[in-house]
Amino acid sequence: MEKIKVSGCIVTYNAKGKVDATIESVLEMTKGVDFTLYIVDNASEDGTAAYIKEKYPSVVVIESKRNGGFGAGHNKVMPFLESDYHVVINPDILLKEDVISELALFASQDKTVGLLSPQIRFEDGRLQMLAKRNPTVRYLGNHWFHKGDEPNRIMTEYCMLDMPDDEPFEITNATGCFMFFRTSVFMELGGFDERFFMYLEDCDIARRVSQKYKALFYPKATVYHLWERESKRNKKLLLIHIQSIIKYFLKWGIKF
């Protein structure tokens, strides 16, 4: 029996020596499918592309001439895709088991599934409280300024923390750090909206998927995310984040 074909893509920018743990964990753990890993390098200035080509000969490296952002980088892999499923993977993700094969098997049993989002945890095992409902001013404001580790009522609602954590359920929002698409759906939607340089392109594409197909949270699979929330500390990234919020709200007709 032929294995399910799955492609994965990591977008890098000045990540020489920093993305190794992600590449190695993805390649080591993904055994149950016919898997091809792509790296799209967004015009790094530190030799990232050459480094990956030399160290990981099985990885297909695509070099972009400019840094067009997260979504634009991931879209560059689209002409090469011949897979059944496609995974968007952040360069700070770690796999500790064959999550990709598990997601592929589940999706193959329901042709209406367009997107799967696994459980996301910090490396130490703590759950990352990530949005599963469409963003609003109320949700984003609370998520941005909430202090402490304990979720309040609004965060519980936004992240759907009151839903069962042992069975899949439908969502309209998913984190871009790890998104498992049916490749035909990803292609049909034209990939990410490249008007978003970074941030909220994941909210946007998950919302578009959920309008025509099932977008599901799949808690039986877990990936580990070395999340640093850089936009809360870096003024340049904070500005990009705010610009993306404005673009998203205008696109979807959300009132400020």
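At roughly what angle do the axes of helix 5 and helix 9 cross? Keep that in mind while you set up the view; this is a predicted model.

**Stop one: the helix pair.** Select residues 137-145 for helix 5 and residues 235-251 for helix 9. Their axes cross at roughly 165° and come within 12 Å. With angles over 145 degrees counted as roughly antiparallel, helix 5 and helix 9 are therefore roughly antiparallel to each other. As for handedness, helix 5 makes a right-handed crossing with helix 9.

Now show side chains. From helix 5, pick V137, L140 and W144; from helix 9, pick L238, H241, I245 and F249. Those residues make the contact. Colour them by class and you'll get six nonpolar residues, one polar and no charged ones.

**Stop two: strand 8.** Leave the helices and select residues 178-182, which are strand 8. Is this strand mostly covered or mostly open? Mostly covered: five of its five residues are buried. Turn the strand to check each face in turn. One side carries F178, F180 and R182, the other M179 and F181, and all of these are buried. Yes, that list of buried residues includes R182.

**Stop three: the strand's partners.** Add residues 85-89, strand 4, which runs antiparallel to strand 8 and is joined to it by five bridges. Click on I89 and look across to strand 8: F178 stands opposite.

Next, bring in strand 6, residues 113-121. Strand 6 also pairs with strand 8 in the antiparallel sense, here over two bridges. To find one spot along this pairing, centre on L115, whose bridge partner in strand 8 is F181.

Definitions and conventions. Residues are numbered from 1 along each chain as its sequence is written. This is a predicted model: local features need pLDDT of at least 70, side-chain atom pairs count only at pLDDT 80 or more; totals for chains, interfaces and linings use all residues. Side-chain values use heavy atoms; hydrogens and water are left out. Axes are lines fitted to C-alpha atoms, for helices over the stretch in contact, and angles run from 0 to 180 degrees between N-to-C directions. Helices (H or I, at least four residues) and strands (E, at least two) are DSSP runs, numbered from the N terminus. Angles under 35 degrees count as roughly parallel, over 145 as roughly antiparallel, 65 to 115 as roughly perpendicular and the rest as oblique. A crossing is left-handed if the near helix is turned anticlockwise from the far one by less than a right angle, and right-handed if clockwise. Contact means heavy atoms within 4.5 Å. Ala, Val, Leu, Ile, Met, Phe, Trp, Tyr, Cys and Pro count as nonpolar, Asp, Glu, Lys and Arg as charged, and the others, Gly among them, as polar. Buried means under 20% relative accessible area, exposed over 50%, partly exposed in between (1.4 Å probe, protein chains only). Two strands pair if DSSP finds at least two bridges between them.
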